[in-house]
Amino acid sequence: MPEPTTTANPAPKTMNPDFWDLRLYVAGETTNCLVAFDNLKHICEKHLEGKYRIQVIDLLKNPQLSSGDQILAIPTLVRRLPEPVRKIIGDLSNTERVLVGLDLRPRSV
Amino acid sequence: MKSGRNIELAAPASPGAVKTALAKCPTGIRGLDEITQGGLPQGRPTLVCGGAGCGKTLLGIEFLVHGAVDYEEPGVLMAFEESESELGANVTSLGMDLPRLVRENKLRIDSVRVERSEIQETGDYDLGGLFVRLGAAIDSIGAKRLVLDTVEVLFSGLSNHAIVRSELRRLFGWLKEKGVTAIITGERGDGTMTRYGLEEYVADCVIVLDNRVLDQLCTRRLRVVKYRGSAHGTNEYPFLVGKTGISVLPITSMGLEYQASTKRVSTGVPRLDSMLGSQGYYLGSSVLISGAAGSGKTSLAAAFVHAACQRGEKCLYLAFEESPSQIMRNMQSIGFSLEPFVKKGLLQYQATRPSNEGLESHLARIEGLVHAFQPSAVIVDPVTSLLAVGDAPEVKSALARLTDLLKGRGVTALYTSLTAGGDSPEQSEVGISSLMDTWLLVRNLESEGERNRGLYILKSRGMSHSNQVREFVLSGKGIQLLDVYTGSGKVLTGAARLAQEERARAEEEAHQQEMAAKRAEIERRRAETAAQIESLRAALKSEDRELTQLAAAAAARQKGITRGRADLSRSRMADSDSATVAGGTDGR
């Protein structure tokens, strides 16, 4: 697990419509948070290679950032781009649901 | 006074003893602190629950605002349903300036939005974000108070209720550790206090708010269901959301502990004062004026108000049937000019239709007015119109509490009561008359095609009072009480009284004339007699004179005889014997 709050992948500065800006909110290095980060990395590598950025925000260090994205649950993954904003909470262990939540797979009826 | 002290001693749980047992956090909400004997449990969460529109959020905000303004305890409001600007706008009308408090770092408002449709749940999570946000908000201003409004939104926003429950349990434990006094609001559930059973987690103090509609009238009520480690009022107390926020009325908790004053106040009608032991009503007593329509109850009330305001005392006039301007116009016509007192701020009118609100709300409003205006007299005109919003026992109980409330403050209360046409006036008032100290009855006396007003004092506790009927006359000169004509076994009033008086006057005059004539006659006879006496006396005098003359003549004659006899004897040379005899006769 890398140091949280660092950017995991350098991202191009341009506003590419097919660019994925993701934020993972955590609170310290709890099991849930570590699992979530791992799961997220795997999913991104597999489905979004080269066109994503993950920002990890530790609310214990920056509590004021919690209100911006209306964070209640930990961990929370926020898809800031592409719009609309999506939120996924939990340790992201259910890959299917993560993909649905990120709109990478159509919602099952 | 003595009995009052006894009751006080017998009262359970003096507030001082409770305070040492459990630290309390005053809410600053009028009435609530009295019911809870000091406030909410300090450093612990309190659950406030009730249906929609009960005033839960308002109670929470007031708790924070009072804390920030009056007790120097900053507070945090975490709102799950409304945004900061919405909340601010909602309470601005109640005189609370949330943005200013936020600027002054006395208040933090954090609105949390939970939208189920935006959230996808995958796997295990906790509510650490909420804790972080709360912790940050509390620490940023050193908050001592917290309101979570309504935390139940989490249940509808998150599907894993097991996690929400365990996290809430953790949250309340964490809040206790932090030592903040918290209010958690909850929506009322079906058959349970809250929809999601929050009362399980918040077990220290539970307050239930209620908004009940009865006969189309809505009354808000508050009840402290439980308060661990402290005595509290257990009744349902009506509360009001007024211009200054919530006020709860622990009117039901009042006892008969008030002090009785020996001071007296004028009734505004001098003759009535003299009927009431020459001094008028007792200060702080309850006065009932009952009578049929148009018998002059309001006029008597106006006389009292006028007199009180002239003494510089404040009066509160609660009118249930007439508008203030109408009352003032009508009272002007009998010489009571009340408008200047209104302008001076001595007289305050409060006119409402009884059907505007429920009985409890009326009471609550009156209590609020009395508290704010601090009058020395309150007029309720007429008290019987409250029957429109409650049945007789309810009105009686409400009036008993109102009487307690006013007496407890030493406020003189004057109630007018309209008696229905057919009823006997003494009977229909039984419900409230026992609460009253002085009871005046204005009665229409009907005779010879005329209605006149008669005024009686049915009772007046603690003073000697007249037992007589007075005729009660309203005119441009004000109120006059006149003696009724009670001669020849009848009570006469009005024109009959005037006619009777006229008749009596005529009779008296005739009698006077007769007497004068008699006197003249006697005078004449006496003069006659005197004249007779005079003439008799003259006659007597002349008789006397005649008698004297007669005697003188007789004496002269005797002298002549004696002298003649002496001459004779001398001439006859009589002896000495004869001379002696003659001398003896002379000496006789």
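**Chain B: a nine-stranded sheet and its contact with chain A**

Strand 9 (residues 205-214) and strand 10 (residues 217-227) of chain B pair in the antiparallel sense, over ten bridges. Within this pairing, Val208(B) sits opposite Arg223(B) of strand 10. This is a predicted model.

Both strands belong to an open sheet of nine strands in chain B, with the order 5-4-7-8-3-9-10-11-12. The pairing in this sheet is mixed. Strand 5 (107-111) and strand 12 (245-248) of chain B stand at the edges. Each has a single partner strand, so one side of each is left without a neighbour in the sheet. On average, neighbouring strands of the sheet are turned by 20° against each other, direction ignored.

Helices pack on this sheet. Helix 4 (residues 56-70) of chain B touches eight named strands, among them strand 3 (45-50), strand 8 (181-187) and strand 11 (237-242). The direction of helix 4 makes about 165° with that of strand 7 (145-149) of chain B. Helix 7 (residues 128-141) of chain B also packs on the sheet, touching strand 4, strand 5 and strand 7. Its direction makes about 165° with that of strand 5 of chain B.

Helix 7 leads on to the partner chain. The contact takes 21 residues from chain B and 28 residues from chain A. On the chain B side, strand 6 (119-121) and helix 7 are the elements that give two or more residues. Helix 7 gives the most, with seven residues. By class, this side has eight nonpolar, six polar and seven charged residues. Strand pairing also crosses between the chains: three bridges join strand 4 (residues 86-89) of chain A to strand 6 of chain B, and the two run parallel. Here Lys87(A) stands opposite Ile119(B).

Helix 11 (residues 297-310) of chain B offers a check on geometry. At 1.5 Å a residue, its 14 residues should span 20 Å; the end C-alpha atoms are 20 Å apart, which agrees. The helix is mostly covered, with 13 of its 14 residues buried. Just after helix 11, Gly312(B) takes a positive phi of about 85°.

How far does confidence reach? The model scores ipTM 0.80 and pTM 0.65. Chain B has a mean pLDDT of 82, with 89% of its residues at 70 or more. Confidence in chain B is highest in strand 16 (residues 315-319), at 92, and lowest in helix 1 (residues 2-10), at a mean of 38. Over residues 1-19 of chain B, pLDDT stays under 50. Residues 582-588 of chain B also stay under 50. Where pLDDT is low, the predicted coordinates should not be read in detail.

How values were computed: Residues numbered from 1 in each chain as written. Chains lettered and ligands numbered in written order. Predicted model: local features only at pLDDT ≥ 70, side-chain atom pairs only at ≥ 80, totals over all residues. Helix = DSSP H or I, 4+ residues; strand = E, 2+ residues; numbered from the N terminus. Expected span 1.5 Å × (residues − 1). Buried ≥ 20, exposed ≤ 12 C-beta atoms within 10 Å, placed from the backbone. pLDDT = per-residue confidence, 0-100. Contact = placed C-beta atoms within 7 Å. Pairing = 2+ DSSP bridges. Axes fitted to C-alpha atoms, helices over the stretch in contact; angles between N-to-C directions. Nonpolar A, V, L, I, M, F, W, Y, C, P; charged D, E, K, R; others polar.
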